[in-house]
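Let's take a walk through this structure together, starting inside and working outwards to how its parts meet.

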Amino acid sequence: MKLRLIAGFTLAIVAIGNISQAQQQPPVSNYNYHEAFAPFFYTKNGSEFRAADGQPGPRYWQNRADYQLSATLNDQTNEVTGAEALTYTNNSPQKLDFLWMQLDQNLFKSDSRGSAIIPPSGSRNGTGGRAANPNAGYKIKSVKVGDTPVKFLIEDTRMQIFLPSAVNPNGGQVKLNIEYSFVVPEYGSDRTGILNTKNGKIYTVAQWYPRMYVYDDIMGWNAVPYTGPAEFYLEYGDFDLSITAPANHIVVASGELQNPQDVYTPEQLKRWAQAEKSEQTVVIRSASEVTEASSRPAGKKELTWHFKIKNARDAAWGSSASFIVDAAKMNLPSGKKSTAISAYPVESDGNSAWGRSTEYVKKSIEFNSQKWFEYPYPAATAVAGVVGGMEYPGIVFCGYKAKKDQLWGVNDHEFGHTWFPMIVGSNERLYGWMDEGFNTFINTLTTADFNKGEYASKKRDMQQVGAYLTRPELEPVLSTPENLKEANTGWLLYFKPGMGLTLLREQILGPERFDFAFRTYIARWAFKHPTPDDFFRTIENAAGENLNWFWRGWFVNNWRLDVGVSGVKYVNNDPAKGALITLDNLDKLVMPAILEIKTVSGKVERLKLPVEIWERNTSFTVKYPSTEEIQSVTYDPDKVLPDYNPDNNVWKK
């Protein structure tokens, strides 16, 4: 069978006078082509800050936050005591009289807003049904500008800092020094927590320092409370981390370890040197060595681990006496050095489980680096713990029980977040689909590629998927995470936008045009803050296609697709003179149309009609140059379009 595009085929809307038989009245339709193809999709014109073609404008700006962080972990009380030296740069054209910072640990207090909105049925947010620790939340001991204490006000998960003098625009700076402490929650919104293993606790520590809110050209201060469902929106900067932990612990963190000679044994240092050159996984500390005192440097009660990561939006770390550690070299397009690392307990060991984690990390990152944009960090560390799956620059936390395809999937997904939102820094608080959905999409390509499809799933029936993803009770994709029913977040943040990009790539633009446009979007907005309009505009301009109808139907609204083949007639009642095939669009969503035509002699041919057939029609008739009678016409024969009602997709003689 062959697929032939409309441009290369004789297709026509047939005038009433050319049809020998009277047209039947089309069925009642909910489709309105004025609504689907309405102009003025964008509410704002391009500006000097954000251009009409989707790229940053000539006066685009964003602020910057550079952090020097030190923290000490007490594994008896689970307390982290920290000090933060923050340099905040105001690149905006406005002076700033006050600052807003995020205190995410306050979510886990019993009287937080996030705790108040958890339903009796439970939630993965907050403490996950566990009783709140009475000592939960930040204890802010001091806030200073330089050496001068300043007034601050804490409201739930936000801290407002009142400055003695404004931060000047266009590059002005302020330096803050903050001392604080908090108790690591046993479980914190599936993003941070403590796992008890037979060889010691595993700490996966995130949202562990007061972080700057973003001040941008869209909303000014994005001082949105942290209630659990939505993730984060953060400024970029350089991070210098010093983590002090008990000497029997191994610490892993965002970035590159600066002092390996102080925290690893001579034998482990040799293994690290081997791993950094090895395509195969090299064990740094084996399962049998975990309980051996000789696997840790002797003579000290505590060790300080020093890490650095540049041009990042966050940093996180893990610490445990129970870690097995292994690593391998990653091959990046530029030849830049970077290492895949895994840290996990003996409970997670084995070739069907975390023993393959480093292989998964390496292959996932290598594919995405080649396909989209090079991985920007010197290390990529996967940590097994209580967190089911959560991403940070250079480090991810994944469930310690994950095995085989589940472990591949969670590692691939969490490190896929390197591109969205670690590189492309969208506002997850408002537009969670711009990181989760885009990442879900790129995961389909990495999974198809890994070991020639070792974990690849069967091809999806998009008619069944479409019926579920567009069911009327779902909210639109373009909703904030807090504005979605919790049961719908997986569908609307991850799956539906991910499938939308697959539709765009496979059925609307084609892989070559889509891939170029998607790479253009990533390159334009790398380490910047795009909005949905910036994405939509970039794809349209780079691909050369007006896609307002697609954004409007799939993302902005929850519209449904239902196209039926309502009839076949012949010109002058003679099959040798051509067949007249009529399609009806019965619901609000539009898509290109794919038809499979079978004739009575067994000939099979495909037609692909562009979406423009619906620009001025609710019913469309196409002339097919038949030479004999048609046996059947099938709309969407491969089930690649989200048509929720397949009952009317086939006409038979």
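The lining of the largest cavity is a mix by class: six nonpolar, four polar and two charged residues. Here Ala, Val, Leu, Ile, Met, Phe, Trp, Tyr, Cys and Pro count as nonpolar, Asp, Glu, Lys and Arg as charged, and the others, Gly among them, as polar. This is a predicted model, where local features need pLDDT of at least 70 and side-chain atom pairs count only at pLDDT 80 or more, while totals for chains, interfaces and linings use all residues. Residues are numbered from 1 along each chain as its sequence is written, and side-chain values use heavy atoms, with hydrogens and water left out.

If you'd like to find this cavity on your screen, its lining residues include Arg 50, Asp 216, Tyr 233 and His 529. At least three residues of the lining come from each of domain 1 (34-56 + 453-555) and domain 2 (61-190 + 209-235); these bounds come from an automatic or database domain assignment.

Now turn to where domain 2 meets domain 3 (248-302 + 313-404). Their centres, taken over C-alpha atoms, are 28 Å apart. Twelve residues of domain 2 touch 13 residues of domain 3, contact meaning heavy atoms within 4.5 Å. What salt bridge does Arg 211 form? Its partner is Asp 314, with the closest N and O atoms 2.6 Å apart; the rule asks for a side-chain nitrogen of Lys or Arg within 4 Å of a carboxyl oxygen of Asp or Glu. One salt bridge is found across this interface. On the side of domain 2 that touches domain 3, there are five nonpolar, one polar and six charged residues.

Terms used:
On a 1 Å grid over the protein atoms alone, a cavity is a set of points where a 1.4 Å probe fits but cannot get out, and a pocket is an open set with protein on both sides within 12 Å along at least five of seven lines; lining residues have an atom within 4 Å of a point.
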